[in-house]
Amino acid sequence: MTDFQIALQHGMRISEGIAALASILFYKKIKDSHYRYFSFFLILIFCCELFGKYGGEYISYSKNAFYNYFVIPLEFIFLYWLYAYKSLNRKKLFWIFTALFLLSYILNELFFLKNKQIFSFNYTFGSLLLMFLVVMEYYKQINSDNILNFTKNKMFYINLGVTLFYIGTLPFWTFYFQLLEHKDLWDLYFNYFLISGIMMYLLFASSFIWGKQNYS
């Protein structure tokens, strides 16, 4: 990686810490709502990133397995819950998407390469399911009576962050190996992956700072 990409990686980790810290500082605003679980989620993700970065210095473990079988499923399943189960009130959709995402691991084990940092098939499939929920959330927000007060809606910040990162980088993981054959293009998209990750976590932090519970 270039020095710029290394700096962005550090920046992304810092932004994750900022989001976790913001969720703690503004916890009183959300302690009686389901967004308290979003706070726990961000804290856990930050701890996972710290473990992924420094854990290897203390114990021997497979970083690829840690991310592919724990961190990434945790991220997608929680977001499915936040979107489908809570925001959109589509509880059956949450269980269906969760089951489909978990079943995608069987296909990955049978037909796809597993000796890489992220399982592209699972990540792509998970992002496609998430994209469907993102579109539904945008539709809900546009048709809301509180559309003019969108900046007070926590899900506005969360949805924008998810759009930039998970949806915006979907082609990167879908065509990961094809892009590797064109290093300049791969570097450009990898830069976007890191920058959008930073923006997403800063938007998550913003959801606690400016979002109001009665607009959630």
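Which residues does Tyr166 touch, not counting residues up to four places away in sequence? I started my notes there. This is a predicted model, and I read everything below with that in mind.

**Tyr166 and the core**

I listed the neighbours of Tyr166 beyond four places in sequence: Glu75, Phe76, Leu79, Tyr123, Ser127, Leu130 and Met200. Then I looked up the largest nonpolar core, which has 56 residues. Phe38 and Tyr166 touch the most other members of that core. I also checked which element supplies the largest share, and found that α4 does, with 12 residues.

**Helix α7**

Tyr166 is one of the buried residues of α7, so I went through that helix next. I have α7 down as residues 154-167. How far apart are its end C-alpha atoms? I get 19 Å, which agrees with the 20 Å that 14 residues should span at 1.5 Å a residue.

The helix is mostly covered, with 10 of its 14 residues buried. I wrote them all down: Lys154, Met155, Tyr157, Ile158, Asn159, Gly161, Val162, Phe165, Tyr166 and Ile167. Lys154 made me look twice, as a charged residue on the buried list.

**α7 against α10**

I took the pair α7 and α10 (residues 183-210) next, and their axes are 8 Å apart at an angle of about 175°. Angles over 145 degrees count as roughly antiparallel, so that is the label I gave α7 relative to α10.

From the α7 side, I noted Lys154, Tyr157, Ile158, Leu160, Gly161, Val162, Leu164, Phe165 and Tyr166 in the contact. On the α10 side, I noted Tyr192, Phe193, Ser196, Gly197, Met199, Met200, Leu203, Phe204, Ser206, Ser207 and Trp210. By class, I have 14 nonpolar residues, five polar and one charged in this contact. Met200 shows up here and among the residues that Tyr166 touches.

**Thr169, in the loop after α7**

I moved on to Thr169, in the loop between α7 and α8 (170-174). Is Thr169 buried or exposed? I have it as buried, with a relative accessible area of 0%. Leaving out residues up to four places away, I found Thr169 touching Tyr123, Leu164, Tyr189, Tyr192, Phe193 and Ser196. Tyr192, Phe193 and Ser196 are also α10 residues in the contact with α7. Tyr123 is a neighbour of Tyr166 as well.

**Two spots in α6**

I looked at Gly126 in helix α6, which is buried with a relative accessible area of 0%. What does Gly126 touch, not counting residues up to four places away in sequence? I found Phe76, Tyr80 and Phe101. Phe76 also turned up on my list for Tyr166. I noted one C-alpha separation too: Gly126 and Pro73 are 53 residues apart along the chain, with 8.7 Å between their C-alpha atoms.

I found Gln141 in α6 too, in the run of residues 120-142. Gln141 is buried, at a relative accessible area of 9%. Its contacts beyond four places in sequence are Ile147, Asn153, Met155, Phe156 and Asn159. Met155 and Asn159 are on my list of buried α7 residues.

**Helix α3**

I checked α3 (residues 35-54) for length: its 20 residues reach 29 Å from first C-alpha to last, close to the 28 Å expected at 1.5 Å a residue. I listed its buried residues as Tyr35, Phe38, Ser39, Phe41, Leu42, Ile45, Cys48, Glu49 and Gly52. Phe38 is the core residue I had already noted beside Tyr166. What covers the buried residues of α3? I found that the cover includes α1 (3-25), α2 (27-30), α4 (63-87), α7 and α10.

**Around the α4 end of things**

My next stop was Ala84 in helix α4, buried with a relative accessible area of 0%. I found Ala84 touching Asn89, Arg90, Lys91, Leu93, Phe94 and Leu133, with residues up to four places away left out. The C-alpha atoms of Ala84 and Phe94 are separated by 5.2 Å, and the two residues are 10 apart along the chain.

Asn89, one of those neighbours, sits in the loop between α4 and α5 (91-111). I checked its backbone and got a phi near 55°, a positive value in a residue other than glycine.

**Last entry: Tyr105**

I closed with Tyr105 in helix α5, which counts as buried at 10% relative accessibility. I also took the separation of the C-alpha atoms of Tyr105 and Tyr201, and it comes to 27 Å, with the two positions 96 residues apart along the chain.

How values were computed: Residues numbered from 1 in each chain as written. Predicted model: local features only at pLDDT ≥ 70, side-chain atom pairs only at ≥ 80, totals over all residues. Heavy atoms only, no water. Axes fitted to C-alpha atoms, helices over the stretch in contact; angles between N-to-C directions. Helix = DSSP H or I, 4+ residues; strand = E, 2+ residues; numbered from the N terminus. Parallel < 35°, antiparallel > 145°, perpendicular 65-115°, else oblique. Contact = heavy atoms within 4.5 Å. Expected span 1.5 Å × (residues − 1). Buried < 20%, exposed > 50% of the residue type's maximum accessible area, 1.4 Å probe, protein only. Core = buried A, V, L, I, M, F, W, Y, C linked by side-chain atoms within 4.5 Å.
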